[in-house]
Structures are given as structure tokens and as C-alpha cells.
Amino acid sequence: MFNNQLVKVSDVNRVTSALRSVLRTEFPEVNIEEGSNVNDLVLRPMSYLAALIKAQADDVRDRLSLEGIKNSQVADSFSLLQDLASNFLVFPKDAIPAKGIVTFKFLTNATRTIPSNILLTRGDGDLVLKLFDSSSNIQIAASNYIEVDEDGTKYYLFTELFESLNTRDDLEIISGNFDSSVTIPNLVSIYSTSNFLKQNPSQFKNASIEERIKLSLTARTFSTDKGIRALLDEEAIPNIKGSLGIGAGDSEMRRDIIPSSISASEFHSLGMVNVVLKSVLEEKPFDITTSALPNQPIVVPLAISRSGTNLSVVTFWDYSTTQKVRITRMYSSITGTTTCTAALVDVATTLSNSEISLAISDDSLTYKNGVASSGKFNISVASGQALPTSGLFKVDSNLGVVQELINSNDYSTLANNTLAIAANPIQVIIPKVRLITAAGVDVSSVPVVEVKSILSQVINNWSEDTSIGLIDLLTPLTISFSGIATNIEFTQGIDYIAYLPNGKEMLYTTTNSLTVQDTSKQKIADTTTSTYMQELQISDRVLNYFISFDDILVEVM
Amino acid sequence: MSRDMSTFPLPIILDSEEMGKFVYKATSLSFAQDEVGELISHTDTSFIALTNLTLKILLTSKGSVPNKPEEGTNLNKLLELGYSASTLQEDIALIMLDAENQIKRLQDNILSINPSTRLDSIKIIESSLINNSELRLVLVLENQAKQSVLIQLV
């Protein structure tokens, strides 16, 4: 018999909210507000019953003594634990809604409410969006708006996470305007600036069920490493190669250091979590209209151009009293290749006419890699030169969605301070990989494209918590070309550019591991110290490698 | 505009004498199906929504909703535990006032509500003892569109 003394009001309310959210998804036309018959006579009794079951299930879970079985010395205790775990059901999902950030643009910053049952549509109603967290109305206070100025008129923006009701495999939700099912005073428009994210369903179905069974025993939160990985899997965030939870005590956690203005010695306030995402980055062009980069989740400013001509991006590093290190990077839009050089120059050297450099506007933003912020990176040009007009950027579109998930009532915890940030991008350039063919093998018969493809796959899909080693690149090549090539070597080593969260760039070169912690691998060795990198929250486990096909040169002999 | 399931008084089986009087007796509320088996529903802008809500609040015993003990009225208790003829009118007036306040409070939290659904007042037309065990209550519900409906509880 159920023990109704175990049921708490908060449990009933939570279960009611969850059921309401499910009902809204399935039957958006049904009134399930307080006072409706469906809510009061159906949903509420069901919630009470479900809360009773939950309370009993919690009780059962406490009595399972999983730890006891795990640590037991009995021979078959492990298989016993496996059998027990199999009872925690995990099912493949058939349909995954697309998720995206929607912006509401208002004429005033008045306090207003967006009802939880709001539906956004486009076109003939084929596309319908609902709030991701539709358990309660959204109350917007004046401080929640972002003020923007467009042609002398002030507008107030408010963003929220939405998901699609339609879950067709071929459904694509591109950026643009939406219509609202409810009338909101002073609303100018509702729009999304980027496409909605959707994981390839077949990819999700084929995800390791075994892994998900393991994760099903993990609390779905954004506060632990396992919890973060489980949640990103559960919410089907697309194009994620890997993720990592960084918290108190980790060397990459610097965001929680109490400012020197408050504490003289370095002291961590604790209680903060960084959700580091290793996403497949999207390439997007944006116009540059001010002296700052656009307000987008930019992680790599691939190319910056002025009136159609690409400019070199230059970073200066202090080196000695007479010299400084100059890193010069140039992207060719014609060939798709990137060239990068490092040189010691006179300390008085400045930018030339075809060069720009980037600097972060506020040091605290350094700890928010990839997070969109207005005026985050300032652009410097040579004296008398005009500002750039456009750029090609690599952006992490997952950041906004994951941050909204973190902030949603479903996952936010009391007094949480959790931030989704991008892993530090590392662009790899392979100046030359040489294959020496076996006797009798025609040089022209060796598929150069396959060499590039294998190298790209390893680098672009790398999600380990360690840096890529040369052996990780050589092994798949050797296996694929055994019998064809007798020797494979990287004759000029491998170059890689670290795009740092403060807008600076660093060129490395290696013949073994693509690490950023070993500063002796910097092209001008020890331009920075390893402590400098650590202070930027960078280590080998928070790197996101990428390479372009065009940046691999293959020589077959 | 959304829809809500409608509740109806569930008729009980009458004896032949009552049948002859063409009376409709019910002791509980129920959902109902139409001729094709679909649950009968109404829109949240109709007067039925207000009637349903009022009856639900009136007939819910205060304290019976575990996570909202303040919801409902003492009408059932009044009928079950007996009443004093000297304070009956006052008790019923207080119960109706309580119900009216609860409905208005609830409707204040709903953003866009149609005038035909929003309660204006509950008026007691008649409250009288038929005999020692039967009480007749005749109420008039009036919405803000100034429409009204008569409800008789015996």
C-alpha cells in the first residue's frame, strides 16, 4: 500500500508541470490551465498518483544497495549488478524535435508575460513551435531585455528556447520570422537568427544503447561530468563531438576566481561549472559594421576582409625588450588554404595596411569562449585604414541552445552558475605527408583524396580528453595503405594554430603530439608560458581540432 | 481558443414514482461521450466553462485536494454534518462568497479570458429547507457579458 505521508507538495507540483508539458506537446489545443476540467479532474489526480509512485520508487532505489552489490566480494556480484541495471529501461527515440533560440522584439521594455501555451507558426501552419519548457508562463521584467538601437529607434529583445512539435525527419527550420498564437502588446516581430538544430535521427537511433544504459543511472543535471554527457545525449544536441564538465578544483576553471579587487590572494569561490562543448563548427559569413566583430558565437575568425579582399590577421606577443613575436595568418578564399607564419620582429613594428588584429574588450569575457556578446572583440587596423567590411567565421551554434537548457526550469538547480562554453579550436595544417610506394605500385594509382579523407576524419572527429598524437594519424594511414606504401612520414612536421579566447592566436609546430600545454612546441619556442595558457582555461583536454581538406598536401613517391 | 472536457450531472436510476414526475436526479458529475464516442468538450470562451468551474469549486470539499487544501468549499460538510436553521442563510452566503472569491482569484491569473467566461457574481435566489433532510439552493451565475444561468441544487 502506498504511504501518502511520503508525498510532498513539491513532488506533486513537479509531476503536474511535467505532465502538463507532455500534454501541451501532444495536444496543444487542449486547455490544461488551473481551473480547467482537464487539469483539475484528470491531470491533478494523475499527478498525485504519479507522485506517490515516485515516492515509493525513490524508497525502493534507496533500498537497492547498488554500492553494496558493486563492492561485494561474491563472484557473480558483477553480473547481478548488470541484471539489476537492465531494469532501468532505456529506449531508442523515434523522433527528436528540433531546438532553437527565438527572439521576441518589442517596442517597450514593459513587464509582460508570455503564456506557456504559446505556439509559433510559419507559413500554412505546417511548422509549429512550442516553448521547450512549457511548464509555466514566462514573466519578463524590464531587466531581462536586451536594448538595441536600429536606425535611431530603440527595440527590446528577449530570447527563449523553443522546440518543434513536428518531428519529421526531413523537417528543416531555417532562420526567419514566426507568427504567434497569442497577441502580445507592442510586439514588433518574432524571429530566429539561425537555423534550428536537429540531430540526424538515424545517428541518434544508432547511438550506443549500452552507453545510454550506463548513463541512465546518472542524474540528469548540468552539475556533474557524467550528468552533462547524459543530458546532451538525452536532449539530442546535434553535431556534438564531445563534452566535458569543468568544475571546482579543475585547472581549467578560472571563472570562479574572486577578483583581485576583493581578495589579495588567488581564491576560488567554487560552485561554478563550465560545460565545455566540442561541436562540429559551422562556417558562416557576417557583415562587419562597427569596429567590433559581430555579436555571434564566434570561435574562429577564419577570414576578415575589406571590400572583398582578405586581410592578414596579426597577433603580437611580448618577447624581449627589443623584439616581439609576430604571428601572421592569412586565409585564401580562392584556394581555401590557410597560411600562418611566426617571426621575431622589432619591438616597434606595427600593423601594415593589409593587416588587422583582434583584442578582447573585457578581460572577464576571456572565460566565456564562444559565448556571443556585443562588442566582445575589437578590431585594430593600420593608421589611416578603413575598417573591415565582412568576415567568414566558424561559430558554435550549440552554445545558445545548451545555455537555455541549463537555464530552463527542467535542469536549473538552486544557486547554479553553469555556463556553456566552446572548447578551444585548434586548426591543423599538414604542410606535407609523404607516401613512398612499394616496388611495382604505380604512383598515380595511389588515391590522394583517401589520404586526405583519413587524416580529416581523425582530426575533425577527435573527442578524446588528450591531445592528438602523430601515432593517431599514422596508424589509420598505415592500415589503409599497407601493401601500397612502404613508408609514410610527415616530412615538415605538423603545424597547428590555437585560437585563444582572448582573440589572440598562437602557431605551434610538432613532430609528435599536437599539444598546447608544451610551450616549447610554439613556432618561436616559449613565446608564452604554460601558466599563461592555464589562465585562459586551456589544456589539452578542452581542445576542438579541425582541418580543411585544402590544408593537407600529399606527396606520393 | 482551446478546448476543455465538459462535466455533466450523472443521472441516477429513478423509481417509477419519480419517473412519473419527469425529474432529473444526479448525485455526481461525469464526463460524457457524443454519438461517435468522442469526449464532449467546450471552448474556454463559453459560458459552460464558467458553469463547470463554479460547480466544481462548490462541490469540492475544502481540504480534499492534497496540494491545495484551500481549494473547494464547505457545502458538502454543511450537508453531511447537518446545519442549524438559525445560521443556515449566513453559512450559505459565506460559502458562496468563498466560491466567488476563489473563482475570481483563479481567473485573475489567466491572461486572456473571455467576458463570457469571467465571473461577475453568484447570486442566491432561494435557499430553503424542504424538509428536515433536504435543502434547496437556487443560484444565478452572472458573467461579465451580463449573461446569466440558473442552477438548482437540492
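Okay, let's start with one residue: T510(A) has a relative accessibility of 3%, and since anything under 20% is called buried, T510(A) counts as buried. One thing to keep in mind from the outset is that we're looking at a predicted model.

So where does this threonine sit? T510(A) belongs to strand β24 of chain A, which covers residues 505-510. What does the side chain of T510(A) reach? One partner is the backbone oxygen of S513(A), at 2.9 Å. There's also the backbone nitrogen of N512(A), which is 3.0 Å from a polar atom of the T510(A) side chain. If you leave out residues up to four places away in sequence, T510(A) touches G493(A), I494(A), Y496(A) and K521(A).

Let's zoom out to the chains. Chain A is 557 residues, and 47% of them count as buried. It has eleven helices and 26 strands. Take the contacts in chain A with a separation of 6 or more: 70% of them are between residues 24 or more positions apart.

Chain B has 154 residues, with 37% counted as buried. Its secondary structure is four helices and seven strands. If you walk along chain B from the N terminus, the order is β-β-α-β-β-α-α-α-β-β-β. For chain B, residues 24 or more positions apart make up 45% of the contacts with a separation of 6 or more.

Now, the core. As a general point, nonpolar side chains in soluble globular proteins tend to be buried together. Here, the largest nonpolar core contains 72 residues, and V428(A), I430(A) and V433(A) have the most contacts inside it. Which element gives this core its largest share? That's strand β21 of chain A, residues 424-437, with six residues.

I'd like to stay with V433(A) for a second. Again skipping residues up to four places away in sequence, its contacts include V451(A), L455(A), L477(A), I488(A) and F490(A). V433(A) also touches the run I552(A), L553(A), V554(A) and E555(A), and there's another glutamate on the list, E489(A).

I552(A) comes up again with a serine, S453(A). The two are 99 residues apart in sequence, but their C-alphas are 9.7 Å apart in space. S453(A) is in helix α9 of chain A, residues 448-460. Is S453(A) buried or partly exposed? Its relative accessibility is 25%, so it falls in the partly exposed class.

While we're on helices, have a look at α8 of chain A, residues 398-407. Why call it largely enclosed by the rest of the structure? Because eight of its ten residues are buried. The buried ones aren't just aliphatics: N398(A), Q403(A) and E404(A) are among them, along with L399(A), V401(A), V402(A), L405(A) and I406(A).

Next, the holes. How many cavities of 30 Å³ or more turn up in a search of the whole structure? Four. The largest has a volume of about 100 Å³. It's lined by 14 residues, and the closest to its centre are V299(A), P301(A), F377(A), L500(A) and G503(A). Strand β13 of chain A, residues 298-306, gives the largest share of that lining, four residues. By class, the lining of the largest cavity is ten nonpolar, two polar and two charged.

The second largest cavity holds about 90 Å³ of space. Of its 15 lining residues, I421(A), A422(A), N424(A), L536(A) and Q537(A) are the closest to its centre. Two elements of chain A give two or more residues to this lining: β11 (272-279) and β20 (417-422). Here the classes come to eight nonpolar, five polar and two charged.

Last stop, a couple of backbone oddities. N186(A) isn't a glycine, but it has a positive phi, near 60°. You'll find N186(A) in the loop between β8 (176-180) and β9 (187-192) of chain A. With a relative accessibility of 38%, N186(A) counts as partly exposed.

The other one is D526(A), also not a glycine, with a positive phi of about 55°. D526(A) is in the loop between β24 and α11 (530-535) of chain A. And β24, remember, is the strand that holds T510(A), where we came in. At 46% relative accessible area, D526(A) is partly exposed.

Notes:
Residues are numbered from 1 along each chain as its sequence is written. Chains are lettered from A and ligands numbered from 1 in the order in which they are written. This is a predicted model: local features need pLDDT of at least 70, side-chain atom pairs count only at pLDDT 80 or more; totals for chains, interfaces and linings use all residues. Side-chain values use heavy atoms; hydrogens and water are left out. A nonpolar core is a set of buried Ala, Val, Leu, Ile, Met, Phe, Trp, Tyr and Cys residues joined through side-chain atoms within 4.5 Å. Buried means under 20% relative accessible area, exposed over 50%, partly exposed in between (1.4 Å probe, protein chains only). Contact means heavy atoms within 4.5 Å. On a 1 Å grid over the protein atoms alone, a cavity is a set of points where a 1.4 Å probe fits but cannot get out, and a pocket is an open set with protein on both sides within 12 Å along at least five of seven lines; lining residues have an atom within 4 Å of a point. Grid points are joined across faces, edges and corners, and a volume is the space filled by probe spheres set on the points. Ala, Val, Leu, Ile, Met, Phe, Trp, Tyr, Cys and Pro count as nonpolar, Asp, Glu, Lys and Arg as charged, and the others, Gly among them, as polar. A polar contact is a pair of N or O atoms within 3.5 Å; within protein, one must be able to donate a hydrogen and the other to accept it, and residues adjacent in sequence count only if both atoms are side-chain atoms.
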